[in-house]
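Reader: Please take me through this model one question at a time, giving the reasoning before each answer.

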Amino acid sequence: MTKQRLLLVNTEDIFLKCGGDRISLGSLYIAAYVRQQGAGEVGVMDMNHHSPADLVQRIKDFKPDFVGISMTTPQYKEGKRLAYGIKAAFPNIPLMAGGPHVTAVNGDVDPVFNIVALGECEKAVADFLSYHLTSFDKRLVLRGEAPLGLDKTLDWLPMPARDLVDMKRYSLTIAGLPAATVMTQRGCPFSCVFCSEPVLNKTFKGHSVEYTVREMEHVRDTYGAKALIIYDDVFVLSWQRTEALCKAMIERRVGLKYRATTRAHDIIRRPQLVDLLRESGCVELCLGVESGSDEVLKISDKGMDVKTNEAAIKRIKAGGVRVLSYLI
């Protein structure tokens, strides 16, 4: 039986013009898992680097059975516009909506989308393509789940299919060095009222240290990366895991500068970790400081106070690592 084809489209993100041009890992994880399972043929197109005319031509050439569009909330309007353009040119191709916004609104998106993918949907999308469905009486909902028995780990996932995009076109830099993006863990157990993670992904799970170091070496050796942004919501959620990872990076001479995000409490409870982070290549830690008011921090359920934030910033800077503060 002929494999079905899925073209995954990353919606243009104007915020990347300020934050640094980088790939979207979500689509590349899905593509990698679909390929690993032999469930279908997958293409990826990043609209930050292509025009609508390019997309139309890609659809003509690739002839996908489905087109999936990934969106955050700021991208939703553009994603919907893109969907209507595709539907006008290719009325018989079912459209799939995915990404953080679609999960946050529980699939309540414009009816131009025939399918919605909720949560971490690598397995759900692969299973769907294997069914060879081509028509639906009503909107189809795909709900993300890990393979049975593997819901506490991420090592079942293959590395993101970075080969499906032109990595040389991305201009992201860290400390002036060409940078790639990696994610060593997913989820955040905290419940800050302004954050999407309690809705999107409250369950923590991570890659093993060995998997993580191999991926770092892969982006270094295959794509020439000399630096990383680590996408984890809270990199030092487990100081034991972070310590083991840093030691492995040092022992294996990974040699990549990197930026990561964590919470002030993580530094205060294990201040000596700053030195190990620096030695392993960390040049910048991002802290969710959010406010200089204890009252604001309290009503936002941040679980933090100004004194702790100040102490963490001083410790990080004393350890020779830059601090980037996130504020709401």
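Author: Helices are DSSP runs of H or I with at least four residues, strands are runs of E with at least two, and both are numbered from the N terminus. The model is a predicted one.

Reader: In which loop does N106 lie, and is N106 buried or exposed?
Author: N106 lies outside the named helices and strands, in the loop between α5 (100-104) and β5 (115-118). Its phi is near 55°, a positive value in a residue other than glycine. Because exposed means over 50% relative accessible area, and N106 has 52% relative accessibility, N106 counts as exposed.

Reader: What is the phi of R253, and where does R253 lie?
Author: R253 is exposed, with a relative accessible area of 72%. Although R253 is not a glycine, its phi is positive, at about 50°, and its place in the chain is the loop between α9 (239-251) and β12 (257-262).

Reader: How many helices and how many strands does the protein chain have, and what radius of gyration does it show?
Author: The protein chain has 13 helices and 14 strands, and its C-alpha atoms fill a box of roughly 60 × 45 × 40 Å along the principal axes. For 328 residues, a compact globule would have a radius of gyration near 20 Å, so the value for the protein chain agrees with that expectation, being 20 Å.

Reader: What percentage of the contacts between residues at least 6 apart in sequence join residues at least 24 apart?
Author: As background on burial, 51% of the 328 residues of the protein chain count as buried, while the chain exposes about 15,400 Å², with carbon and sulfur atoms supplying 53% of that area. Among contacts between residues at least 6 apart in sequence, the share that joins residues at least 24 apart is 76%.

Reader: How far apart are the mean positions of the positive and negative charges?
Author: The protein chain carries 43 positive and 39 negative charges. When the mean position of each set is taken, the two means are separated by 2 Å.

Reader: Which residues have the most contacts inside the largest nonpolar core, and which helix supplies its largest share?
Author: In soluble globular proteins, nonpolar side chains tend to be buried together. The largest nonpolar core here has 66 residues, and those with the most contacts inside it are V125 and Y258. The largest share of this core, 8 residues, comes from residues 25-37, which form helix α2.

Reader: How many residues make up the other core that lies apart from it?
Author: This other core includes V9, M47, L82 and F113. Its membership comes to 24 residues.

Reader: Which residues does V125 touch beyond four places in sequence, and how many residues of its helix, α6, are buried?
Author: Leaving out residues up to four places away in sequence, V125 touches L6, I30, V34, M96 and L142. V125 is one of the buried residues of α6, together with E122, K123, A124, A126, F128 and L129. Helix α6 (residues 122-131) is therefore mostly covered, since the buried share of its 10 residues is 7.

Reader: Which residue with positive phi follows α6?
Author: The phi in question is near 60°, and the residue that follows α6 with this value is H132.

Reader: Is T261 buried or exposed?
Author: T261 is found in strand β12, and beyond its neighbours within four places in sequence it is in contact with I230, D232, D233, V234, F235, C286 and Y326. Because buried means under 20% relative accessible area, and T261 has 16%, T261 is buried.

Reader: What separates the C-alpha atoms of V236 and I267 in space?
Author: V236 is found in the loop between β11 (227-230) and α9, and at 0% relative accessibility it counts as buried. Residues up to four places away in sequence aside, V236 touches T242, T262, D266, R269 and L273. V236 and I267 are 31 residues apart in sequence, and their C-alpha separation is 8.2 Å.

Reader: What is the relative accessible area of V274?
Author: V274 lies in helix α11 (residues 273-280). Not counting residues up to four places away in sequence, it touches I267, R315, I316, G319 and V321. V274 is buried, because its relative accessible area is 0%.

Technical notes:
Residues numbered from 1 in each chain as written. Predicted model: local features only at pLDDT ≥ 70, side-chain atom pairs only at ≥ 80, totals over all residues. Heavy atoms only, no water. Buried < 20%, exposed > 50% of the residue type's maximum accessible area, 1.4 Å probe, protein only. Contact = heavy atoms within 4.5 Å. Rg over C-alpha atoms; globule rule 2.2 N^0.38 Å. Areas by Shrake-Rupley, 256 points an atom, 1.4 Å probe, with all protein chains shown as cover. Lys, Arg positive; Asp, Glu negative; His and termini not counted. Charge placed at Lys NZ, Arg CZ, Asp CG, Glu CD. Core = buried A, V, L, I, M, F, W, Y, C linked by side-chain atoms within 4.5 Å.
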